[in-house]
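Biologist: Please choose one chain of this model and take me slowly through its surface and its interior.

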Amino acid sequence: LVDHTSEVTIRLRAPTFGALLQEATVAFGELVPRALRRERTPEWRELRIPGGDRGARLVGWLNEVVYLCEVDEWLPVDVRVAGERDDGLCVRARGVALQRPFVLVKAATLHNSVVREAEGALEAEVTLDV
Amino acid sequence: MTKMARAPSPSAIHRVGDTMYEVSTAARADMRVPARIYADETLWQQISQDRSLEQLMNVATLPGVEEAVYAMPDAHEGYGFPVGGVAAFRTWDGVISPGGVGYDINCGVRLLVSDISASDLGARLEPLVHELSRSIPSGAGRRGKLELSDAELDRVFIEGCGYLLERGMATAHDLAHTESGGCLPGADPEAVSRRARDRGRGQLGTMGSGNHFVEVERVRDIYDEAAADALGLRVDQVAVLIHTGSRGLGHQVCTDHVARMDRAMSEYGVVLPDRQLACAPFGSSAGKAYFGGMCAAANYAWCNRQLIAHHVRDAIHRILGPEAGLSLVYDVAHNVAKVEEHGGKELCVHRKGATRAFGPAHPETPAAYHGVGQPVFIPGSMGTGSCVLVGQSAAERLSFGSACHGAGRRMSRGEARRTRPGSEVRDQLTELGIIVRCPSMKEIAEEAPHAYKDLDRVVDVVHRAGLARKVARLATMGVVKG
């Protein structure tokens, strides 16, 4: 997590794009208070993430997490890429139920969002609206 | 398509008078118009420390941008557009950009005044603040006291505050004292996604977290007796200020339409310095869809502040008795794009963290304030009170009729937390006699006064620049935060 004048920026590094999504999920989870978490749900959910490039897909995934935390009261913890199409990704995720909606993070933005290759890995930054 | 942007070279920056700096189009080849920043030297230094200027220059590259882009003295880095930014685009060859409105569509401020004085309120202040914190759902959960069906949501989108008038939760006086009567006419419920509806269905009448609040204030100083009288303000009067917006619904509308425009950017042939500036021609299907969704979310936000005001009135009746009155002075948006006429041209004016500030003779200034100016409310940081101003006619040529919206952050949330813990901030406010109700010490730390610019300095620049005239200064008595 990186300081930003008014928001929160997350900076990520992982060997593959799938691992980058996992790192983004972990970073988001650090913003969710431990006390809000209930039991882990065992089932995997299948989700579709729109976006034609890696930057849009990463932001799209984080916006999916925002929605799931607020409306379904459910925080993804593990995420796997299950399929890829021109217009987006299919992912499978499992996670933990929340005691109430988590509404601190309202959106993931495209502002300065970047996914780049660096020294055999992928690096990314995404700014969250809080 | 995106490309890297850069900060202006010093030779392209000119000081224009004592309240404005201008970055000329010589700063960057892709700038279509200059960038003008309302600031004194101190605020200029603060604004220059983050990426606000670069972001403002990026906005100046967008197609159809008219005359100049502006930053208000409270400007700070946002995403895409800077917060505190104003830009107008021609409706016939210009764009509309969700980033120019922000995620919290029609975030805004509503000021109500009571008929009792602070000295009469006395020891009932603490029970009142406590009752307000109990009555207004805040940020911890998403659900308010209303759970709306799709049909009811559609009525909120289309009718705005008129829907709450019909349900007995608003008065005709409330609507007459709300910007645009609490209803933008261009709303398109079809442009509000299922996800946005899911997020907004139970949030009407809720405050949200972050910098949103309900404050009990007292009128501390009057600077302009005639204008204060027209607005119904008198020294020592108790007032309530409500600051919130369109909650998750507005954020989802922005998210959905940014994503749609981002996918379509190559069709429009627009080169963006920042992807969050995703935009579409105003008259395109994507542009019309965003405008329709944004108007729907704006109407939802006005209903949100109206419903909170309804809850506040109930709380005041419970604590102060059924005769206690609370009259709406005005409700003004500070995150919205509106079609307005300026200089004989039809423009889509984007105000992101900027308040409309029409002068005394403007036809959209409410009838009650003709000859005075449209009220402008500038809240400070938690506990520092707020300022009441009225728009000046000159603002219509100086800033497309706009003024600032707050003190503006100068520290990141993390830096604010590290500088002073929440408990210390709360104790400091308590020593000043300010009652704070906030479920999170972390949030108190993040919203502490030292994390923001100096409110009086910001307002002074707006006043001296001729954008809006100072009418009154309010002091905080109690704060309820999400």
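Modeller: Accessible areas here come from the Shrake-Rupley method with a 1.4 Å probe, and for residues only the protein chains shown count as cover. By that method chain B exposes about 15500 Å², of which carbon and sulfur atoms supply 50%. This is a predicted model, where local features need pLDDT of at least 70 and side-chain atom pairs pLDDT 80 or more, while totals for chains, interfaces and linings use all residues. Residues are numbered from 1 along each chain, chains are lettered from A and ligands numbered from 1 as written, and side-chain values use heavy atoms without hydrogens or water.

The C-alpha trace of chain B spans about 60 × 50 × 45 Å along its principal axes, and 67% of its 482 residues are buried (under 20% relative accessible area). Among contacts in chain B (heavy atoms within 4.5 Å) with a separation of 6 or more, 76% join residues 24 or more positions apart.

Turning to the interior, the largest nonpolar core (buried Ala, Val, Leu, Ile, Met, Phe, Trp, Tyr and Cys joined through side-chain atoms within 4.5 Å) has 151 residues, and M294(B), F28(A) and L58(A) have the most contacts inside it. Leaving aside residues up to four places away in sequence, M294(B) touches V101(B), I105(B), L184(B), V253(B), V336(B) and A337(B). Another core, of 27 residues, lies apart from it and includes L125(B) and M477(B).

Finally, C303(B) is buried, with a relative accessible area of 0%, and its sulfur is 4.6 Å from the closest cysteine sulfur, in C161(B), which is too far for a bond. Over all chains the count of disulfides (cysteine sulfur pairs within 2.5 Å) is 0.

Note on methods:
Buried means under 20% relative accessible area, exposed over 50%, partly exposed in between (1.4 Å probe, protein chains only).
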